[in-house]
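I opened my notebook to work through this structure one piece at a time. Here is what I looked up, in the order I went.

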Amino acid sequence: MADPASYRPKPGEIPTDPGVYRFRDEHGRIIYVGKAKNLRSRLNSYFANPASLLPKTYAMVHHAASVQWTIVGSELEALQLEYTWIKEFTPRYNLAFRDDKSYPYLAVSMSEKFPRVQVMRGERRKGTKYFGPYTAGAIRETMDTLLRVFPVRSCSVGVLRRAERSGRPCLLGYIDKCAAPCVGRISIEEHKDLAQDFCDFMGGEAKRFIVTLEKRMSAAVAELDYEQAARVRDDIIALRKVFERNAVVLTEDTNADIFAVEQDDLEAAVQVFHVRGGRIRGQRGWVVEKVEDASDAELWEHLMQQVYGGEESQSDAIPRQILVPELPANHEYLSQWLAGLRQGSVSIKVPQRGEKAALMDTVQANARQSMILHKSRRAGDLTTRSLALQELQEALDLPMPLLRIECYDISHVQGTNVVASMVVVEDGLAKKSEYRKFAITGDAAIDDTASMYDVITRRFRNYLNEKEARAQAVSLSGEIVARPALITAGNGVGTDVVGTDVDAEPTELPKSKFAYPPNLVVVDGGVPQVNAAARALADLGIDDLAVVGLAKRLEEVWVPESDFPVILPRSSEGLYLLQRIRDEAHRFAITFHRAKRGKAMIASVLDTVPGLGAAKQKTLLAHFGSLKKVRAATVAELEQAKGVGPVLAQAIYESLHGPAQTPDGEDPPISETAPAINMTTGEILD
């Protein structure tokens with residue numbers, strides 16, 4: 001790794017103008033592109049104190065070997081140049097959005113001699129109008145329905161040429177789903193007008209066509225041409241079916257793209273609803289790996305650049321309004337840039353209330369579901385899981401396959417309510433029935449290393465105790481391990497006998513709290529936590545378990561007694577598996593911690609009374625109405641509550657008031673009806 005000081009520009013070399021800068025690695029490849037209002041101020045922030053940088057920025061400046069910059073005239077020019085270079089060089093440390101699925105578009109190739117309607121994916125073509133995106137099933141049904149009203153050509157080039165040579169239309173021409181311009185049924189100009197009508201309908205002018213058809217149907221009825229009226233009626237039904245498929249969510253003059261994001265420390269899932277004419281015309285999603293330490297405002301800025309930057313030839317794809325949860329960085333210049341692409345004004349806003357804010361909540365729910373689906377698909381794929389386990393085994397140089405992995409995490413708030421979690425992964429999949437929670441008290445709660453030592457000790461001491469108990473149970477039952485043999489009759493071939501005493505009763509084995517030991521123990525933390533876990537195993541005499549720790553700082557994998565971490569590539573499936581296990585352990589631990597902290601905050605003095613459980617506490621409070629009235633009650637009055645006897649009443653009274661005393665300060669005589677109890681053990685004293 002390079003030292004940033006080795007390529008830091010000299011004082012005064014960096015200008016104070018706006019511009020775009022780029023970091024290059026030792027091979028000259030651009031690994032990061034950024035823009036700045038003041039180049040000197042921005043670049044000095046990378047070199048002033050590299051140790052204080054965020055982990056991913058720290059990795060970037062140490063990976064780079066040089067930095068260059070280009071001065072521009074304004075922040076708007078910087079924004080445009082930054083986007084151009086990110087698109088051209090795809091730097092490793094810049095955010096890179098990718099579609100979470102390949103959405104199809106309904107496309108009309110208006111630049112062709114005979115415009116063609118088709119379903120298209122991928123790169124946009126010049127001279128083609130796009131509508132959508134849609135789901136695969138919906139787009140086929142929409143296209144099939146509209147072709148009966150707007151019989152535009154939908155066949156391939158090969159089919160078109162064959163029809164022109166033969167003078168006969170294809171099947172679609174015979175079933176009236178194509179106007180057959182190839183054989184001259186309509187002229188080139190008429191067919192282009194038909195394709196334009198198709199585009200106008202998809203562009204939101206559906207009502208105009210429906211009203212026109214309704215007038216045509218009425219005219220046919222007036223002329224008693226009922227067959228024609230029936231055909232027009234069917235066309236109206238078809239158009240309404242397509243028109244009503246998209247529910248009205250906003251006013252009809254609303255053209256907007258509504259964005260939302262669901263993110264964690266590693267990835268972000270973005271969803272957008274395309275609203276045109278007040279109706280949801282399409283939906284699209286991306287998943288981005290957060291390789292750059294970007295704020296939410298910067299994330300939205302990068303997204304706007306990449307989503308709309310490729311739309312220069314399709315200006316109508318950029319709406320008048322873009323709604324986001326948080327304003328992007330440099331949103332004024334971003335709006336100007338988008339307005340130049342659209343050739344019209346573009347506003348970027350954050351909806352606060354009303355229908356638009358409600359619709360953004362729906363988009364947010366879709367983003368959340370997209371993130372869950374993305375993670376579950378990645379984790380659930382058998383090939384991916386196998387690759388992840390193999391990568392981990394090879395990177396850690398382990399002799400055995402990782403059939404079972406256990407991960408431990410400690411959770412607390414300033415040393416209070418300390419808890420730990422254990423999550424289990426078998427064959428790369430979480431096994432929630434094996435999850436365990438640990439409450440930590442006393443000296444073990446001093447710090448994270450002591451807590452980790454305590455948890456590992458408790459888990460594997462339990463394993464050793466169960467192993468010894470099973471061995472003793474097997475020994476007491478007289479059973480020995482036997483070699484399986486084939487039992488036959490009459491041929492002299494015998495079998496090993498299982499057990500030395502056939503009449504002995506088998507001893508019932510103790511129920512296990514934990515399953516078999518793992519092949520790998522993972523702890524959430526760095527060197528201190530790893531060494532604490534390794535020391536706990538060593539003190540128990542266990543030396544055949546591998547231990548690693550995953551540190552969040554740079555996602556480094558640490559092994560015991562090592563000065564250097566194991567670095568896994570960011571694209572490694574093995575690293576992703578470790579991250580997923582670590583995050584699950586953290587989730588499980590913090591859930592338990594919050595539950596424990598919540599109980600501690602609502603603890604009652606009645607909890608200290610021996611023999612007074614939650615049900616009796618509820619009954620007691622219902623009888624008196626409040627804790628204040630319980631405290632004011634005498635022993636005799638406490639006995640009137642349901643389920644409270646003399647002994648329990650005396651215990652409640654003494655817990656709330658302390659032991660009763662005589663006026664002379666001597667202990668009162670023991671009541672014959674209320675025998676004394678030992679408050680430590682709860683035993684009745686004679």
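Before looking at any sheet I needed a rule: two strands pair if DSSP finds at least two bridges between them. I also reminded myself that the strands of a sheet pair through backbone hydrogen bonds, either parallel or antiparallel. And a caution for every entry below: this is a predicted model.

**Entry 1: the whole chain**

I started with the overview. The protein chain has 20 helices and 19 strands. It runs to 686 residues, and 43% of them count as buried. Then I checked how far apart in sequence the touching residues are. Among contacts between residues at least 6 apart in sequence, 65% join residues at least 24 apart.

**Entry 2: the sheet around β5**

With the pairing rule in hand, I looked at an open sheet of three strands, ordered β6-β5-β7, with antiparallel pairing. Why do β6 and β7 each have one side without a neighbour in the sheet? They stand at the edges with a single partner strand each, so nothing in the sheet sits beside that other side. Neighbouring strands here are turned by 30° against each other on average, ignoring direction.

Next I went through the pairs. β5 (residues 105-109) is joined to β6 (residues 117-120) by four bridges, and the two run antiparallel. In that pair I found tyrosine 105 opposite methionine 120 of β6. On to β7 (residues 128-131), which pairs with β5 over four bridges, again in the antiparallel sense. There, alanine 107 stands opposite tyrosine 130 of β7.

Are the residues of β5 buried or exposed? Five of its five residues are buried, so I noted the strand as mostly covered, taking buried as under 20% relative accessible area. I checked the two faces separately. Tyr105, Ala107 and Ser109 are on one side, Leu106 and Val108 are on the other, and all are buried.

What lies across this sheet? I found helix α7 across β5, β6 and β7, running at about 150° to β5.

**Entry 3: α7 and α8**

I stayed with α7 and looked for a helix packed against it. Two packed helices are described by the angle between their axes and the distance between the axes. For α7 (residues 188-202) and α8 (residues 206-222), the angle is about 120° and the axes are 7 Å apart. That makes α7 oblique to α8. The contact uses Asp197, Asp200 and Phe201 from α7, and Ala206, Arg208 and Phe209 from α8. I sorted these residues by type and got three nonpolar, no polar and three charged.

**Entry 4: another three-stranded sheet**

I then turned to the open sheet with the order β2-β1-β3, whose pairing is antiparallel. Its edge strands are β2 (30-36) and β3 (66-71), each pairing on one side only. On average, neighbouring strands in this sheet are turned by 20° against each other, direction ignored. I looked up one pair in detail: β1 (residues 19-24) and β2 are antiparallel over six bridges. Arginine 24 faces me there as the residue opposite isoleucine 30 of β2.

**Entry 5: β8 and its partners**

Strand β8 (residues 256-263) has six of its eight residues buried, so it is largely enclosed by the rest of the structure. Eight bridges join β8 to β9 (residues 267-276), and these two run antiparallel. With β11 (residues 321-323), β8 pairs in the parallel sense over three bridges. I followed aspartate 257 into both pairs. It stands opposite histidine 274 in β9, and opposite isoleucine 322 in β11.

**Entry 6: arginine 458**

I picked one residue to follow, arginine 458, which lies in helix α14 (residues 448-476). Arginine 458 is partly exposed, with a relative accessible area of 31%. Which residues does arginine 458 touch, not counting those up to four places away in sequence? They are Phe438, Ala439 and Ile440. Phenylalanine 438 is 20 residues from arginine 458 in sequence, and their C-alpha atoms are 9.1 Å apart in space.

**Entry 7: helix α20**

Last, a length check. Helix α20 (residues 646-657) has twelve residues, so at 1.5 Å a residue it should span 16 Å; its end C-alpha atoms are 16 Å apart, which agrees. Its buried residues are Leu648, Ala649, Gln650, Ala651, Ile652 and Leu656. I found them packing against α17 (614-624), α18 (627-632) and α19 (635-638).

Terms used. Residues are numbered from 1 along each chain as its sequence is written. This is a predicted model: local features need pLDDT of at least 70, side-chain atom pairs count only at pLDDT 80 or more; totals for chains, interfaces and linings use all residues. Side-chain values use heavy atoms; hydrogens and water are left out. Buried means under 20% relative accessible area, exposed over 50%, partly exposed in between (1.4 Å probe, protein chains only). Axes are lines fitted to C-alpha atoms, for helices over the stretch in contact, and angles run from 0 to 180 degrees between N-to-C directions. The expected span of a helix is 1.5 Å times one less than its number of residues. Contact means heavy atoms within 4.5 Å. Angles under 35 degrees count as roughly parallel, over 145 as roughly antiparallel, 65 to 115 as roughly perpendicular and the rest as oblique. Ala, Val, Leu, Ile, Met, Phe, Trp, Tyr, Cys and Pro count as nonpolar, Asp, Glu, Lys and Arg as charged, and the others, Gly among them, as polar.
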